[in-house]
Amino acid sequence: MAAPTQKNNKPGKPGGKEAQPLIIAKTPAEEQRLKLEKLMRNPDKLAPIPDRPKEWNPRAPPEFVRDVMGSSAGAGSGEFHVYRHLRRREYQRQDFLDKISEKQTKDEEYLEKLERNKEAAEERTAKRRKKREKMKQKKLLAKKAKRETKSKKEGDDKSSESEEEDESKDEDEEEEREAEDDAEAPSFIMGKK
């Protein structure tokens, strides 16, 4: 009976994986490349994504302090180090609270700024909308006035009737083209300078 073939050169174990040569990365880029190669060897396997580290929180101050430090004589030489440690911890806690309050004020200022910008943008668009409506009304009034003058001329002159209809059709077609151009015109073009 023949022995099973061995791929990994280890005696007594059946071959499963081939032995990989040990490669030591010399630069961070090479290390990243090796990690990517390892991930791409088995694309079905999920990539490990580490959890976000928790934000550091200082220890809460004690509710009741039993051994209050005093400035009286008789304190041992080791008490200074205990006092120094407590003082450092309290300063850290106060710095942490200051940073949190500063972050909150910055967040509030940012949200207020967003609101102001949004309101200003709405005002600008309302102003422009109003201007567009005025222009539209002006065009309609001019068109009506032109048709009225044409209708008066029609009573005077029947022969020029066909020319006026052609002109009104041309004007209508031109207005439709303008409306289509306005609807299709992009407000900005991406990727071009």
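**Surface patches and an aromatic pair in a helical model**

E109 lies in helix α2, which spans residues 79-156. The structure described here is a predicted model, and the position of E109 offers a convenient point of entry to its surface. With a relative accessibility of 52%, E109 counts as exposed, because the term exposed is reserved for values over 50%. Together with D107, E108 and E112, this glutamate, E109, forms a negative surface patch.

A patch of the opposite sign was also found, and a residue of helix α2 again takes part in it. R124, K127, R128, R129, K131, R132 and K136 form this positive surface patch. One of these residues, R132, is found in helix α2, and its relative accessible area of 52% places R132 in the exposed class.

A third patch on the surface is nonpolar in character, and it is made up of L36, L39 and M40, whose accessible area together comes to about 300 Å². Within this group, L39 lies in helix α1. The relative accessibility of L39 is 38%, so this leucine counts as partly exposed, since the partly exposed class lies between the limit of 20% for buried residues and that of 50% for exposed ones.

As to the overall architecture, the protein chain contains 3 helices and 0 strands, and, read from the N terminus on, its elements follow the order α-α-α. Of the 193 residues in the protein chain, buried residues make up 4%.

Aromatic contacts were examined next, and a search of the whole structure finds 1 aromatic pair. The pair consists of W56 and F96, whose ring centres are 5.7 Å apart and whose planes stand at 90°, so that the arrangement is edge-to-face; this label applies because planes over 60 degrees apart are counted in that way. The pair links distant parts of the chain, for W56 sits in the loop between α1 (28-41) and α2, whereas F96 belongs to helix α2, and the two residues are 40 residues apart.

The two partners fall into separate classes of accessibility. W56, with a relative accessible area of 49%, is partly exposed, because a residue has to be over 50% to count as exposed. F96, by contrast, has a relative accessible area of 12% and is buried, which follows because buried means under 20%. The edge-to-face pair thus joins a partly exposed tryptophan, W56, to a buried phenylalanine, F96.

Definitions and conventions:
Residues numbered from 1 in each chain as written. Predicted model: local features only at pLDDT ≥ 70, side-chain atom pairs only at ≥ 80, totals over all residues. Heavy atoms only, no water. Patch = residues over 30% accessible without salt bridge, like charges linked within 9 Å, V, L, I, M, F, W, Y side chains within 5 Å. Areas by Shrake-Rupley, 256 points an atom, 1.4 Å probe, with all protein chains shown as cover. Salt bridge = Lys/Arg side-chain N within 4 Å of Asp/Glu carboxyl O. Lys, Arg positive; Asp, Glu negative; His and termini not counted. Charge placed at Lys NZ, Arg CZ, Asp CG, Glu CD. Helix = DSSP H or I, 4+ residues; strand = E, 2+ residues; numbered from the N terminus. Buried < 20%, exposed > 50% of the residue type's maximum accessible area, 1.4 Å probe, protein only. Phe/Tyr/Trp six-rings, centres within 6.5 Å; stacked < 30°, edge-to-face > 60°.
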